[in-house]
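Work through the following exercises with the sequence and the model open beside you, and try each task before reading its solution.

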Amino acid sequence: MNPISAPFGTTLDGAAAQLFTLTNAHGLQASITDYGGTVTSLLVPDRHGVLADVVLGFDSVAGYQSPAYLRSGPYFGALIGRYGNRIRGGRFELNGKVYTLATNNGPNHLHGGLKGFDKVIWKAEPGTSADGATLKLTYQSPDGEEGYPGTLRVTVVYTLTADNALRIDYTATTDRPTPVNLTNHSYFNLGPGPDILAHELTLRADRYTVVGDTLIPTGELRPVAGTPFDFTTPHAIGERIAQVEGGYDHNWVLTGGTEGAATVYEPVSGRVMDVFTDQPGVQCYTGNFLDGTLTGQGGRVYGKHAGFCLETQHFPDSPNQPGFPSTILQPGEVLRSTTSYQFRVR
Ligand code: BGC
C-alpha cells in the first residue's frame with residue numbers, strides 16, 4: 001500500500017495524530033503528519049544511492065509540542081497559514097476596517113499567530129494520482145480565527161512524484177476578502193554534517209526586501225548585486241553569512257522563469273535540490289535561532305544553522321505594503337499555487 005498510515009501520537013488537545021508515508025519507485029520516502037500538515041522526514045539518495053533524511057523533524061507529535069519546541073517556535077516542516085512570515089504590529093487595514101491579529105513574535109504577527117495552520121489537525125486523505133502517491137489535506141479556518149476575516153477553506157496536496165519531487169499544491173477560497181500567504185516551513189540539510197554552511201546555494205533573484213529591526217520590510221526592493229545577498233551564481237551559504245547581522249532571514253524577489261527559484265548543492269553527499277514555484281518570493285532562513293536545545297530524528301542535535309528553509313511565498317507584511325503584490329483573496333476567487341522540491345545528484 002502506498003501511502004501507508006500509522007499512529008503518530010496524541011496532541012496536547014487529546015487528538016490522535018496520524019503519519020502518512022509516501023514512497024516512489026526510486027526509494028524516496030516522504031512522511032507527513034496531519035498535525036500541521038508537517039513533513040517529518042524525507043529520505044533521499046546520495047550519489048551512491050544511500051538514503052538519508054534531508055529534513056529536520058521528530059518521530060512523534062510530542063516532539064512538535066514539547067515546551068522547548070513551543071517556546072522557540074521553529075515550525076519544522078509545517079504548513080504555514082493564514083499568513084507566512086510577519087505582519088507589522090499584528091494589524092492591517094482592509095476596505096476601511098482595521099483588523100487586529102495575535103502578536104506572537106515581539107510586536108509582530110508571525111506565521112498565522114498563536115495557533116496557526118501548523119498547530120491544527122488537518123483532514124487527511126491518502127491517495128494516488130498519475131504523478132505518484134498523494135496526501136490531500138483540508139482545513140476550514142473559521143471566520144475570525146487568529147483575527148482574520150472570513151471563512152477560509154484550504155486544500156493542500158502533497159505528491160511524491162516519479163521524478164523525485166515533493167510537490168505541494170495549495171488551493172484556497174474565502175467568503176470574505178482576507179489576506180492569505182501559504183507556505184511550507186521545511187528545514188533541509190542535504191548532507192551528513194551538523195550544519196548547512198557548506199551547502200552551495202543559487203537563488204534566481206536579483207533583489208531582496210530590505211527589513212528593519214523587527215524583520216519587517218521597509219518597502220524597499222534592493223538589488224543584490226555586490227552584496228552578501230547575491231546568490232545569482234552559486235555561493236556557500238557560510239561564505240558571507242558573517243556579513244549579515246543575525247544570519248540570512250530575508251525574502252528574495254524571484255526573477256521567475258523555468259530554471260526554478262533555487263538550487264542547493266551539498267558537496268559531500270552530492271545531493272542537489274531544485275526548488276520550483278509560481279510565488280513571487282522566497283524566504284531563505286538559515287536556522288539562525290536554533291541553539292541545540294532540540295534533538296530530532298535519529299538523536300540529531302539541532303544547533304545553529306542545522307538546516308535552511310526556502311519558504312516560497314508572497315513578501316512579508318504585504319497587507320501593509322501597497323507597493324508589494326497583493327495577498328488579498330476575494331470571495332469567488334480560487335487561490336492556486338504550486339511549489340516543488342526536486343532531488344537529483346551530482
Ligand atoms: C522567519 C524567522 C523565524 C523562523 C521560525 C522564518 O520564516 O523568517 O524569523 O525565526 O521562520 O519561526
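Two strands pair if DSSP finds at least two bridges between them, where strands are DSSP runs of E with at least two residues, numbered from the N terminus. The model is predicted, with local features needing pLDDT of at least 70 and side-chain atom pairs pLDDT 80 or more, while totals for chains, interfaces and linings use all residues. Residues are numbered from 1 along each chain as its sequence is written, and side-chain values use heavy atoms without hydrogens and water.

**Exercise 1.** Describe how strands β13 and β14 pair, and place them in their sheet.

*Solution.* Begin with the pair: β13 (residues 152-161) and β14 (residues 165-174) run in the antiparallel sense and are joined over nine bridges. Within this pairing, L152 stands opposite T174 of β14. Next, widen the view to the open, antiparallel sheet of nine strands, whose order is β11-β12-β13-β14-β29-β23-β22-β17-β20. Its edge strands, β11 (123-129) and β20 (235-236), each pair on one side only.

**Exercise 2.** Characterise the lining of the largest cavity.

*Solution.* A cavity is a set of points on a 1 Å grid over the protein atoms alone where a 1.4 Å probe fits but cannot get out, and its lining residues have an atom within 4 Å of a point. Four cavities of 30 Å³ or more are present, and the largest holds about 90 Å³. Its lining includes Y35, Y64, F76, D118 and K119. Finally, sort the lining residues by class, counting Asp, Glu, Lys and Arg as charged, Ala, Val, Leu, Ile, Met, Phe, Trp, Tyr, Cys and Pro as nonpolar, and the others as polar: seven are nonpolar, two polar and two charged.

Technical notes:
1 Å grid on protein atoms, 1.4 Å probe; cavity = no way out; pocket = protein on both sides within 12 Å on 5 of 7 lines; lining within 4 Å. Points joined across faces, edges and corners; volume = space filled by probe spheres on them. Helix = DSSP H or I, 4+ residues; strand = E, 2+ residues; numbered from the N terminus.
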